[in-house]
Amino acid sequence: MSDDTLSLRLSGPDDTARHAQQLARRLSSGDVILLSGDVGGGKTHFARALITELLDYPEDIPSPTFTLVQTYEGASGAIWHADLYRLTSTHEIEELGLIDAFHDAICLVEWPDRLGPLSPAGALRISLSPGAHEDSRALTAEWSGSGWAAKLTEWRG
């Protein structure tokens, strides 16, 4: 297995949403995306755009900060959006059912550092950080194996 990295400069919220939508079209059950970055860094905006692209019908997509997990039914199956910021133990993660969802749903996880040893090895790790200009972001994607490389072809364009 090889490790790969891709870096992008996102010009603003619309560009961030466009990249999330491009990725959404390539996802399937069992794909896990781990979203890292500071508070206000664009993780939830990215997740909302991605989830919206996967839904058959428009739906409100609240941040799961207080509910911990929001689930949706998309055209290709279940979508889980988790925010682990408030968790303090991996036992809490197991109780959410998130580990099982990693195998049969599309999962987006904010604050994935809270997963500790439960972090899935085959996940796509996306980090968002402030860019050089207001509202711009630097996105870094990292993965192992060849499966994600094919899914990220539009991003390389």
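1. The hairpin of S6 and S7 has 6 residues between its strands, and within it Asp135 takes a positive phi near 70°. This is a predicted model, and the angle should be read as such. Asp135 is not a glycine; it sits in the loop between S6 and S7. At 45% relative accessibility, Asp135 counts as partly exposed, because buried would require a value under 20% and exposed one over 50%. Most residues other than glycine have a negative phi.

2. The two strands of that hairpin, S6 and S7, run antiparallel and are joined by 6 bridges. One of the pairings is between Ser129 and Ala138, the latter in S7. S6 also pairs with S2: these two run parallel, with 4 bridges between them. Here Leu34 stands opposite Arg125 of S6.

3. A second non-glycine residue with a positive phi is Trp111, at a value near 60°. Trp111 lies in the loop between S5 and S6. With a relative accessible area of 17%, Trp111 is buried, whereas Asp135 is partly exposed.

4. The largest nonpolar core has 31 residues, and Leu23, Phe46, Leu50, Ile126 and Trp155 have the most contacts inside it. Two or more residues each come from strands S1 (3-10), S2 (32-36), S5 (106-110), S6 (124-130) and S7 (137-144), and from helices H1 and H2 (43-54). H2 gives the largest share, 6 residues. Apart from this core lies another, of 18 residues, which includes Val69, Leu84, Leu98 and Cys107. In soluble globular proteins, nonpolar side chains tend to be buried together.

5. The two helices that feed the main core have spans close to expectation. H1 has 12 residues and reaches 16 Å between its first and last C-alpha, against 16 Å expected. H2, also with 12 residues, reaches 17 Å, against 16 Å expected. Buried positions in H1 include polar residues such as Asp15, Thr16, His19 and Gln22, along with Leu23. In H2 the buried residues include Lys43 and Thr44 as well as Phe46, Leu50 and Ile51.

6. Trp155 deserves a separate look. Leaving out residues up to four places away in sequence, Trp155 touches Leu6, Leu8, His19, Gln22, Leu23, Phe46, Ile126, Leu139 and Ala141. Trp155 counts as buried, at 5% relative accessibility. Gln22, in helix H1 (residues 13-24), is also buried, with a relative accessible area of 11%. Beyond its neighbours within four places in sequence, Gln22 is in contact with Glu154 and Trp155.

7. The count of aromatic pairs comes to 2. In one, the ring centres of Phe46 and Trp155 are 6.4 Å apart and the planes are at 80°, so the pair is edge-to-face. Phe46 belongs to H2 and Trp155 to helix H6 (residues 153-156), so the pair ties together parts that are 109 residues apart in sequence. Phe46 is buried, at 0% relative accessible area.

8. The other pair is Tyr85 with Trp111: the ring centres are 4.8 Å apart and the planes at 55°, so this pair is tilted. Tyr85 is in the loop between strand S4 (77-83) and helix H3 (90-96), and Trp111 in the loop between S5 and S6, so parts that are 26 residues apart in sequence are tied together. Tyr85 is partly exposed, with a relative accessible area of 41%, while Trp111 is buried.

9. One charge-over-ring contact may be added. The charged end of Lys151 sits over the ring of Trp148, 5.4 Å from its centre.

Terms used. Residues are numbered from 1 along each chain as its sequence is written. Side-chain values use heavy atoms; hydrogens and water are left out. Buried means under 20% relative accessible area, exposed over 50%, partly exposed in between (1.4 Å probe, protein chains only). Contact means heavy atoms within 4.5 Å. A nonpolar core is a set of buried Ala, Val, Leu, Ile, Met, Phe, Trp, Tyr and Cys residues joined through side-chain atoms within 4.5 Å. Two strands pair if DSSP finds at least two bridges between them. The expected span of a helix is 1.5 Å times one less than its number of residues. Rings of Phe, Tyr and Trp (its six-membered ring) pair if their centres lie within 6.5 Å; planes under 30 degrees apart count as stacked, over 60 as edge-to-face and the rest as tilted. A charge sits over a ring if NZ of Lys or CZ of Arg is within 6 Å of the ring centre and within 35 degrees of the ring normal.
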